[in-house]
Amino acid sequence: MSGWADPRPMSPHLQVWRFHVTMLVSILHRGAGIILYASLIALAAMLTAIAMGPAAYDALIGWAPFWLIQTKILAFTAALAFHFGNGIRHLFWDAGTGFQPATANLTAWLVILFTFAAPAALFIYINFVR
């Protein structure tokens, strides 16, 4: 016999909560962290190859076309922008402000907007400005 007689779940889960933007941002924050860790491993490999000389660098870069490298840089920028923006949002929460549903939704949408704006600005700068 189980010690829990209540048929309701012990903690809220997706069957209980209605999906909303703050839930999405919470889930994406964890995904952005994973992308950042993977990107840092790739950056460390690239810097190691650069330090080892042109042959090692060419061997590492030879398997990846330029568009793939550029896509990875943009994905890293988006993950970094998202994690940064959401981190600022959490700093305000730590200070005890921004918990009102309207404010939480607005800041979540602003973080998502910043996530798309930062890599777009980087892409425009790299390809058209410099």
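This report walks through the helices of a predicted model and how they pack against each other.

## The overall picture

Let's start with the big view. The protein has four helices and zero strands, so its pattern along the sequence reads α-α-α-α. If you picture a box drawn along the principal axes, the C-alpha atoms fill roughly 65 × 45 × 25 Å.

How does the radius of gyration look next to that of a compact globule? For 130 residues, a compact globule would come out near 14 Å, but this protein has 21 Å. Buried residues make up 23% of the 130 residues. Now take the contacts between residues at least 6 apart in sequence: 69% of them join residues at least 24 apart.

## H3 and H4

Helix H3 covers residues 66-94, and helix H4 covers residues 101-129. Their axes come within 8 Å and cross at roughly 150°. Angles over 145 degrees count as roughly antiparallel, and that is why H3 and H4 are described as roughly antiparallel to each other. As for handedness, H3 passes H4 in a right-handed crossing.

Which residues meet here? On the H3 side, they include Gln70, Ile73, Leu74, Phe82, Phe84, Arg89 and Trp93. On the H4 side, among them are Ala104, Val111, Phe114, Pro119, Leu122, Phe123 and Asn127. Sorted by class, the residues of this contact are 16 nonpolar, seven polar and one charged.

## H1 and H3

Next, have a look at H1 against H3. The axes of these two helices come within 9 Å and cross at roughly 130°. That angle makes H1 oblique to H3. H1 passes H3 in a left-handed crossing.

The H1 side of this contact is made by Thr22, Val25, Leu28, His29, Ala32, Gly33, Ile35, Leu36 and Ser39. Facing them from H3 are Ala75, Phe76, Ala79, Leu80, Phe82, His83, Asn86, Gly87 and Arg89. By class, this contact of H1 with H3 has 10 nonpolar, seven polar and one charged residues. If some names in H3 ring a bell, that's fair: Phe82, Asn86 and Arg89 belong to the contact with H4 and to the contact with H1.

## H1 and H4

H1, which spans residues 21-52, also meets H4. Their axes come within 9 Å and cross at roughly 45°. H1 and H4 are therefore oblique to each other, and their crossing is left-handed.

Who makes the contact? From H1 come Val21, Thr22, Leu24 and Val25, while H4 supplies Ala104, Asn105, Ala108, Trp109 and Ile112. This contact of H1 with H4 has seven nonpolar, two polar and no charged residues.

## Zooming in on Leu24 and Ile112

Let's pick one residue from each side of that last contact. Leu24 lies in helix H1, and Ile112 is found in helix H4. The two are 88 residues apart along the chain, with their C-alpha atoms separated by 9.8 Å. Leaving aside neighbours within four places in sequence, Leu24 is in contact with Phe19 and Ile112. On the same basis, Ile112 is in contact with Val21, Leu24 and Val25.

Is each of these residues buried or partly exposed? Buried means under 20% relative accessible area. Ile112 has 14%, so Ile112 is buried. Leu24 has a relative accessible area of 29%, so Leu24 is partly exposed. For another distance from Ile112, try Gln15: these two are 97 residues apart in sequence and 25 Å apart in space, C-alpha to C-alpha.

## Before the helices: Asp6

Finally, hop back to the segment before H1, where you'll find Asp6. Its relative accessibility is 26%, so Asp6 counts as partly exposed.

How far apart are Asp6 and Phe99? In sequence they are 93 residues apart, and in space their C-alpha atoms are 30 Å apart. Compare that pair with Leu24 and Ile112, which are 88 residues apart along the chain and have C-alpha atoms separated by 9.8 Å.

Terms used. Residues numbered from 1 in each chain as written. Predicted model: local features only at pLDDT ≥ 70, side-chain atom pairs only at ≥ 80, totals over all residues. Heavy atoms only, no water. Axes fitted to C-alpha atoms, helices over the stretch in contact; angles between N-to-C directions. Parallel < 35°, antiparallel > 145°, perpendicular 65-115°, else oblique. Left-handed = near helix turned anticlockwise from the far one by under 90°. Contact = heavy atoms within 4.5 Å. Nonpolar A, V, L, I, M, F, W, Y, C, P; charged D, E, K, R; others polar. Rg over C-alpha atoms; globule rule 2.2 N^0.38 Å. Buried < 20%, exposed > 50% of the residue type's maximum accessible area, 1.4 Å probe, protein only.
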